[in-house]
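Welcome to a short tour of one protein model. Please have the sequence and the coordinates open as you read, since the text moves from helix packing to a pocket and then to the backbone.

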Amino acid sequence: YQRRVHGIFFMANVFLICAVLVFAIAQSACAIGEFIKQDGTLLVQDWPYYFLGTNLWYGMNLAVEDPARLLRELDNLSKLQITNLRILALSQGPDTEPGRMKPAIEQMDPDTNTTYLNEGYLKGLDFLLDEMRKRDMTAVVMLGNFWYWSGGFAQYVNWYVNSSDPIPYYNGSDINKYYEFLIYTERFYSSQDCIRNYTSTALKIVNRKNTYNGLYYKDDPTIMSWELANEPFPVNQSYNATKWIEYACNKIKENDPNHLVAIGNTGTYEPNYQDSISLPCIDYGTLHVWAQNAGWYDPLNESTYGYAVEMVTKYIKSNIEQIHKVWNIKKPIVFEEFGLARDRQGYLPENTTSKRDHYFGFIFQNLTSFMYK
């Protein structure tokens with residue numbers, strides 16, 4: 001169901017979500033047709049826009065590879081009154097690299113040293129947005145990614161900074177390799193070639209014409225917002241990262257004054273969070289929290305669940321208070337990513353979800369009780 005509580009909006013992850021994730025309706029959302037705008041801590045159309053959303057980052061690829069399944073998923077989400085989907089519009093090749101979603105949308109032509117886009121899969125994005133429009137859903141459209149599972153910034157660094165310097169892929173157990181990846185990838189923010197090519201490619205999406213309904217994306221109210229990237233945080237390049245955010249955001253709004261723009265941040269621990277969310281061209285902030293990734297929860301040790309709940313509670317409270325009260329930034333906050341593994345780290349549909357079910361209920365109860373204080 002749709003819900004907004006004093007500037008907080010909710011978005012869970014579709015690959016982790018369970019069918020009982022519902023909230024009582026506070027007010028029906030506006031019919032698609034009006035662009036969603038920011039007004040203080042509110043998102044509004046003719047009246048406040050409330051939503052419960054989910055991540056469907058693979059929707060464009062699914063539209064090409066299994067459109068029948070995509071339609072089933074959209075119908076099921078619609079029945080749950082999930083009205084907002086966070087989707088990915090761009091991924092980078094080459095498809096021979098490990099750990100990537102494939103095929104990638106953006107590929108490098110070695111003869112011209114320029115990239116080209118996979119039109120067949122962009123038509124999948126057209127199809128996805130058109131089907132969302134038919135169901136009165138709105139979209140948060142991601143234009144990039146810090147992480148390598150879609151190519152992302154690391155691939156731009158490899159293409160435009162030093163092609164002979166391979167991407168330092170990591171696994172969850174090697175903290176040194178992980179840090180090496182972070183330092184490698186954040187070179188994106190200081191490379192004019194990376195930024196120029198990222199912006200040029202992003203604007204191709206912003207200015208695209210939907211082949212199914214004839215609407216230009218920038219004129220389509222189905223899109224709620226453009227998100228610059230998934231989790232674009234810096235380690236040592238806070239200044240350059242903030243300058244990139246400002247540049248990219250302003251370029252998008254020059255081409256498309258209709259839509260909101262967000263960054264895709266994870267939380268206030270990021271060194272440039274305050275500076276970046278304070279930029280006039282940024283319309284709302286985002287929060288992500290993953291208890292397992294943070295080391296607060298081990299699905300193979302259920303006794304860690306209580307500690308995870310305690311730490312996530314502190315995370316939510318401290319972030320909201322920091323943004324709205326300490327920094328006095330009067331913008332909406334979208335709680336954009338959260339999730340938990342199936343019991344015992346299972347991956348099959350028949351694996352139980354008791355801890356996850358409890359966790360989602362806790363998340364909603366915690367946010368609303370805090371915001372109503």
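A good place to begin is a helix pair: I195, Y198, T199, L203 and V206 of helix 6 meet W244, Y247, A248, K251, I252 and N255 of helix 7. By class, this contact between helix 6 and helix 7 has eight nonpolar, two polar and one charged residues. Please keep in mind that the model you are looking at is predicted.

**Helix packing**

Helix 6 covers residues 192-206 and helix 7 covers residues 238-255; their axes come within 10 Å and cross at roughly 30 degrees. Angles under 35 degrees count as roughly parallel, and helix 6 and helix 7 are therefore roughly parallel to each other. The crossing of helix 6 past helix 7 is right-handed.

Helix 4 takes part in two further packings, one with helix 5 and one with helix 6. The three pairs are set out here.

| Helix pair | Axis separation | Crossing angle | Handedness |
|---|---|---|---|
| Helix 6 and helix 7 | within 10 Å | roughly 30 degrees | right-handed |
| Helix 4 and helix 5 | within 9 Å | roughly 60 degrees | left-handed |
| Helix 4 and helix 6 | 9 Å | about 120 degrees | right-handed |

Let us take helix 4 and helix 5. Helix 4 spans residues 152-160, and its axis comes within 9 Å of that of helix 5. The crossing of this pair is left-handed. On the helix 4 side the contact uses F153, A154, V157 and N158, while helix 5 brings F181, Y184 and T185. These residues divide into five nonpolar, two polar and no charged.

What angle do helix 4 and helix 6 make as they pack? The angle is about 120 degrees, with the axes 9 Å apart. That makes helix 4 oblique to helix 6. Helix 4 passes helix 6 in a right-handed crossing. Here F153, Y156, V157 and Y160 of helix 4 touch D193, C194, N197, Y198 and T201 of helix 6. By class there are six nonpolar residues, two polar and one charged in this contact.

Some residues appear in two of these contacts. F153 and V157 of helix 4 face helix 5 and also helix 6. Y198 of helix 6 meets helix 7 and is in the contact with helix 4 as well.

**The largest pocket**

If you plan to place a ligand or probe on screen, you may want to look here. The largest pocket has a volume of about 1600 Å³. Which residues lie nearest its centre? They are W149, E231, W290, N293 and E337, out of 42 that line the pocket. Elements giving two or more residues to this lining are helix 5 (175-185), strand 12 (285-290) and strand 13 (333-339). Strand 12 gives the most, with three residues. The lining holds 22 nonpolar, 13 polar and seven charged residues. Helix 5 thus has a place in the lining as well as in the packing against helix 4.

**Backbone details**

Where do the cis peptide bonds fall? One joins G93 and P94, with omega about 5 degrees. Another joins K102 and P103, where omega is about -5 degrees. P94 sits in the loop between strand 6 (84-88) and strand 7 (106-109), and P103 is likewise found in the loop between strand 6 and strand 7.

Q81 is also worth a look: this residue is not a glycine, yet its phi is positive, at about 60 degrees. Q81 lies in the loop between helix 2 (67-79) and strand 6.

Definitions and conventions:
Residues are numbered from 1 along each chain as its sequence is written. This is a predicted model: local features need pLDDT of at least 70, side-chain atom pairs count only at pLDDT 80 or more; totals for chains, interfaces and linings use all residues. Side-chain values use heavy atoms; hydrogens and water are left out. On a 1 Å grid over the protein atoms alone, a cavity is a set of points where a 1.4 Å probe fits but cannot get out, and a pocket is an open set with protein on both sides within 12 Å along at least five of seven lines; lining residues have an atom within 4 Å of a point. Grid points are joined across faces, edges and corners, and a volume is the space filled by probe spheres set on the points. Helices (H or I, at least four residues) and strands (E, at least two) are DSSP runs, numbered from the N terminus. Ala, Val, Leu, Ile, Met, Phe, Trp, Tyr, Cys and Pro count as nonpolar, Asp, Glu, Lys and Arg as charged, and the others, Gly among them, as polar. Axes are lines fitted to C-alpha atoms, for helices over the stretch in contact, and angles run from 0 to 180 degrees between N-to-C directions. Angles under 35 degrees count as roughly parallel, over 145 as roughly antiparallel, 65 to 115 as roughly perpendicular and the rest as oblique. A crossing is left-handed if the near helix is turned anticlockwise from the far one by less than a right angle, and right-handed if clockwise. Contact means heavy atoms within 4.5 Å.
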